[in-house]
Amino acid sequence: GGILSAGQGYSGSDVVYEGDMNKWMMFANSLKLRMGIRLQDVNPSLSQATVESAVSAGVFTSNDDNATIDYQSNAPNTNPLWEDLVQSGRSDFLASETIVDYMNQFEDPRRMVYFDDNIADGYIGGDYGGSNNYGSFTHIGDAFLDPTREGILLDYAEVRFNLSKAAELGYNVPGDAETHYNAAITASMEYWGISGDATEEYLSQPEVAYDGSEMQFATQFWIAMYDNPAEGWSTWRLYDDPVFNIPTDNETFVPLRYTYPIDEQNLNNANYIDAAGAIGGDDAQTPVFWDTTTPDQSTYPGPATEEDDE
């Protein structure tokens with residue numbers, strides 16, 4: 001903190017905060033908050049101490065503080081999403097039913113941004129990991145086809161979700177879990193340009209209105225991390241929710257970690273063998289150290305659908 005506060009910053013070369021050292025300190029504390037919450041199951045005392053010191057030092061207070069990178073319109077400095085969705089010339093990236101079904105269930109107003117309205121009768125997600133016909137399912141929204149679309153490193157919505165969990169765990173942080181939860185969803189809605197009225201309507205739904213359950217919390221956190229997919233993945237791994245409707249016949253389960261790269265196996269074989277053995281095997285279904293409980297993905301029922309409700 002002292003080194004950062006004494007620093008001058010690189011205004012011209014700083015593509016995140018343009019030399020604003022105060023924002024960098026808030027980013028560091030918000031990142032520390034993320035790390036502390038990540039440890040809640042594996043080391044509760046270290047988790048609490050880390051979270052409390054981060055929050056007392058000062059985390060993000062609005063979307064104006066978000067840590068984002070502005071990409072440029074020319075390769076290779078474009079948003080990687082543009083490379084996959086546009087530059088590749090490929091038409092095989094779809095919205096998956098894993099998220100579309102939940103957002104349909106909640107009538108989430110962010111659908112109009114997250115997704116394209118290429119399907120006449122609403123939003124239909126493709127089978128996760130399956131072979132889907134491009135024209136038959138919902139496409140990714142126009143916002144993500146822009147080469148200059150900013151990349152999110154850490155945002156205010158994530159901070160408020162983490163503060164909600166900290167409060168619920170009894171950590172010494174200002175505010176209560178419900179207030180932080182509502183503020184987190186509101187921050188996400190505001191970021192995507194959703195009106196205050198639509199946000200209030202969303203928060204008033206029985207399924208969305210705060211009930212203190214981990215399933216509800218994790219599902220809303222995960223939906224808000226749509227454009228920060230690594231954090232959405234970590235949210236799901238930490239809380240084992242939301243539940244995904246993944247067809248078991250194709251055995252395409254959600255990975256629990258990255259496997260070690262081939263270079264490690266080839267160039268660092270002895271240490272690779274030791275490391276793989278220490279964690280229980282170099283497999284995508286071997287959990288990382290902070291992921292103390294893992295769901296049985298073969299029995300996933302998925303979210304309730306309208307058909308199920310009838």
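Helices, at least four residues long, are DSSP runs numbered from the N terminus, and the names used on this tour follow that numbering. The model on the screen is a predicted one.

**First stop: the largest pocket**

Begin by selecting Leu81, Tyr128, Tyr226, Pro229 and Ala230, which are the closest to the centre of the largest pocket among the 41 residues that line it. The space in this pocket comes to about 1,400 Å³. Which helix gives the most to the lining of the largest pocket? Select H11, residues 229-239, and you have the helix that gives the most, with five residues. To add further parts of the wall, colour helix H4 (80-87), helix H5 and strand E2 (151-154), each of which, like H11, supplies at least two residues of the lining. If you then colour the lining of the largest pocket by class, you will find 27 nonpolar, nine polar and five charged residues.

**Second stop: H5 against H10**

Keep H5, residues 97-105, on display and add helix H10, residues 214-224. Two packed helices are described by the angle between their axes and the distance between the axes. For this pair, the axes come within 11 Å and cross at roughly 115°, which makes H5 roughly perpendicular to H10. The crossing of H5 and H10 is left-handed. To see where the two helices meet, show the side chains of Thr98, Ile99, Tyr102 and Met103 on H5, together with Thr219, Trp222 and Ile223 on H10. By class, this contact between H5 and H10 has five nonpolar and two polar residues, and no charged ones.

**Third stop: the two cavities**

Turn next to the enclosed spaces, of which two cavities reach 30 Å³ or more. For the largest cavity, with about 60 Å³ of space, select Arg34, Ile37, Arg38, Asn162, Phe221, Glu231, Ser234, Thr235, Leu238 and Tyr239, which line it. Helix H2 (21-38) and H11 each supply at least two residues of this lining, and the largest share, five residues, comes from H11. The lining of the largest cavity has four nonpolar, three polar and three charged residues.

For the second largest cavity, which holds about 50 Å³ of space, select Ile152, Asp155, Ser188, Tyr191, Trp192, Ala224, Met225, Tyr226, Asp227 and Asn228, the residues that line it. How do these lining residues divide by class? Six are nonpolar, two are polar and two are charged. Tyr226 may be familiar from the first stop, since this residue was listed there among those closest to the centre of the largest pocket.

Methods:
Residues numbered from 1 in each chain as written. Predicted model: local features only at pLDDT ≥ 70, side-chain atom pairs only at ≥ 80, totals over all residues. Heavy atoms only, no water. Axes fitted to C-alpha atoms, helices over the stretch in contact; angles between N-to-C directions. Parallel < 35°, antiparallel > 145°, perpendicular 65-115°, else oblique. Left-handed = near helix turned anticlockwise from the far one by under 90°. Contact = heavy atoms within 4.5 Å. Nonpolar A, V, L, I, M, F, W, Y, C, P; charged D, E, K, R; others polar. 1 Å grid on protein atoms, 1.4 Å probe; cavity = no way out; pocket = protein on both sides within 12 Å on 5 of 7 lines; lining within 4 Å. Points joined across faces, edges and corners; volume = space filled by probe spheres on them.
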